[in-house]
Amino acid sequence: MTKLVGPFGDTRDDGKVQLSFTLPVDWSEAADEAARQLAGKMGFRDVQVVEGRPIASGFSFFVIYATTTQAVDVDGIVAPSAGAHAMSMEQIDALVHERVGRKVRVAGACIGTDAHTVGIDAILNMKGYKGDYGLERYHEFETHNLGSQVAVEELVRFTKERRIDALLASQAVTQKGSDIRNFTALSELLEAENVRDNVVLICGGPRVTNLLAGELGYDAGFGRGTLPSQVAAFIAVTLAERLRQGRPHW
Amino acid sequence: MDLRIDRRSVERCRDLAGAIVAPVEAFIAAHSTVSVERAVLRLLGVDGITPQEVPLPNAILDAVAPHERARGVALPFGKALAETGLEPAALGAEIAAGRCGLDQFATTPDAAARGALAGFVDRALDRIAARREERAAWLAELPQLPPPLLYVIVASGNIYEDRVAAVAAAEAGAQVIAVIRSTGQSLLDFVPFGPTTEGFGGTYATQANFAIMRAALDEASEKLGRYVMLTNYASGLCMPEIAVMAAFERLDMLLNDSMYGILFRDINMKRTFVDQHFSRTLNARAGIIINTGEDNYLTTADAVEQAPAVLASQFINEEFAHRAGLPDAQIGLGDAYEIDPDREDGFLYQVAQAQLAREIFPDAPLKYMPPTKHMTGDIFKGHLIDAMFNLTSVMTGQNIHLCGMPTEAIHTPFLGDRALSLENARYIMSTARHFGDEIALRPGGIIERRAHDVLASCEALLERVAAMGLMAAIEAALFADVSRVPEGGRGVDGVFERAADYWNPFEERRLALGRPG
């Protein structure tokens, strides 16, 4: 039995959405009408331009409420979370100690041109995030935080030199899709250098989902609100499992 | 508002900053860098690139032997001017084309070099003075709106696209436009040349790009009836050269921090100290307001814990700036609104810090940076946090206000994002314009106690730094939890000891004028 779900304004299935955008035209009543028609072409019905005004010469800004008739089957969607392994720092350290038998070498960086290290720092720095200690605090992890604006080539070079077990790439801010391009460049370079299978490859950032990570060739993706222990547990469990299966490693 | 701070503690902090900076100044006076020497060439009128696209100042300096370089590039260049009778730009082109070598004129007397250069030195200083007078005339004719001056960033990578965004932002209320640089430019040991249309996360700082944006903003200023300021970023490996370009193209502000490059870009500390000094002497001459980068302490570590480091850095930046001849009115000390929004009374702490800077640096045009660290994809909450930041700024009398974007954590701002952000700031700053004048802070209350604690901790931190020396303190990670060693970092190869007869004609001119302030 499928359960179709659409936007909820104040009543089930009313399909209400809000959107806003800028048009490169001077404001006029015709500009409001242009915005209304544009929303109609997007497939929305009952389009109301609730705000339309000039924001500079040649530019107008609009706020719109409208209705969509679209709906999706939520039950039919599979989007497994990578943060499913709930373990404490002590449990994770113990798991690594028993199943890996040496320290896990972790490297993380904000790749490409991104200088927003808040996310990667929250995961790696000793202090951690929301009372959950970062990976630097783990006894069984040897953690390298390479900081911001690290070139993909540099990160791969470091990975090979230090024989990194788990690689964390972060992207917070994007400009015309640069985050996806950078993530892709990293996984492709690891493939090209024949070391992709040697690392647990993880991406993170506010718009990253585990589903997206899979599409980009990563082992996992972590988004908003991720705790360091969720990432640590994924690394420990995945690495232990790979070793158990006798898969090639450094 | 009055925090009733301990004025003796403030004096003590200033004395400590003086004690911290004095030994560094001695180091600065005994050294030069490749970027300082390239700035001298740029001041003299050398510009352009070689057929291999090497900027001429780099090509010329690279051709000077190290022992000769230790005396400063002005002497060999001046000798060649004297012997060839060429103008600096033409001589630069000849050298670049390989038709002339500076080593040909080694036997020419120094006096001939000095004589040949004198007119060009005057010309450079006149050129800078003319830009400064132009700015004064613009401001007299088209005064700015009252502070906080609303400051926004454009960053498309394409200077012509940036121009459209900048003019739109000015029309929406922006009073200062920053063209953020292409990522990584701060680590280039040369300045790119010509107009540029591709960049990464920003647009290259080139003299041609400066001129394009200045012309667009001048036109917008005329139309709006108020002068719109332009700013860019000096910090990095080319601080002195960017200071020259900014002076020539009438930029009004420059990001110029005495320690940012060291801590946050891993640029060699000796390089940075020498470079920041010469670049700031040029900023002083040009009437350019520097903006310091204390906000970086807050984005990389906990904002509540880092408050004393921010204040300590402000004292140190002030001291370095004074020693470069900058008056208080040109020292835009930085701070940022970065306390975790989930923290109860976080707003009170922000007010305490902002007001503390206001009372300690009453004549400095304080630069206030928006929340970035705790901004998420929730643009609605982000807009609210920005509103509280705007309120803090207007009630504590900040001067240069970088508007926060609701989409801070999402993408480089859309044109519409800037308009929403400016509208937020204009609304809050109008509706609460004189709020700060109307309220008194409760003696012994949370805000006052916080300010007193921060000042006391800052004094203790400065005591430690003074006892160790600044370079050792940086190595010991006393700032931003980052450790840098004196011989480490980028650009260390470009630092060299001055020979006993080192000569920089522009430095000589400044010293002859005496130190302002």
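**Exercises on the nonpolar core and helix α8(B)**

Of the 179 residues in the largest nonpolar core, A169(B) and I177(B) touch the most other members. Such a core is a set of buried Ala, Val, Leu, Ile, Met, Phe, Trp, Tyr and Cys residues joined through C-beta atoms within 7 Å. The model is predicted, and local features need pLDDT of at least 70. Residues are numbered from 1 along each chain as its sequence is written, and chains are lettered from A.

**Exercise 1.** State which helix gives the most to this core.

*Solution.* Helices are DSSP runs (H or I, at least four residues), numbered from the N terminus. Helix α14 of chain B, residues 303–323, contributes 10 residues.

**Exercise 2.** List the residues that I177(B) touches, not counting residues up to four places away in sequence.

*Solution.* Contact requires C-beta atoms, placed from the backbone, within 7 Å. The partners of I177(B) are V152(B), V154(B), A166(B), A169(B), A170(B), L217(B), V228(B) and L230(B).

**Exercise 3.** Determine whether α8(B) is mostly covered or not, and by what.

*Solution.* First, a residue is buried if 20 or more other C-beta atoms lie within 10 Å of its own. Next, 10 of the 13 residues of α8(B) are buried, among them A166(B), A169(B) and A170(B). The helix is therefore mostly covered by this definition. Finally, the covering elements include β3 (45–56) and β4 (59–67) of chain A, together with β2 (149–154), β3 (176–179), α9 (207–224) and α17 (415–431) of chain B.

Terms used: Predicted model: local features only at pLDDT ≥ 70, side-chain atom pairs only at ≥ 80, totals over all residues. Buried ≥ 20, exposed ≤ 12 C-beta atoms within 10 Å, placed from the backbone. Helix = DSSP H or I, 4+ residues; strand = E, 2+ residues; numbered from the N terminus. Contact = placed C-beta atoms within 7 Å.
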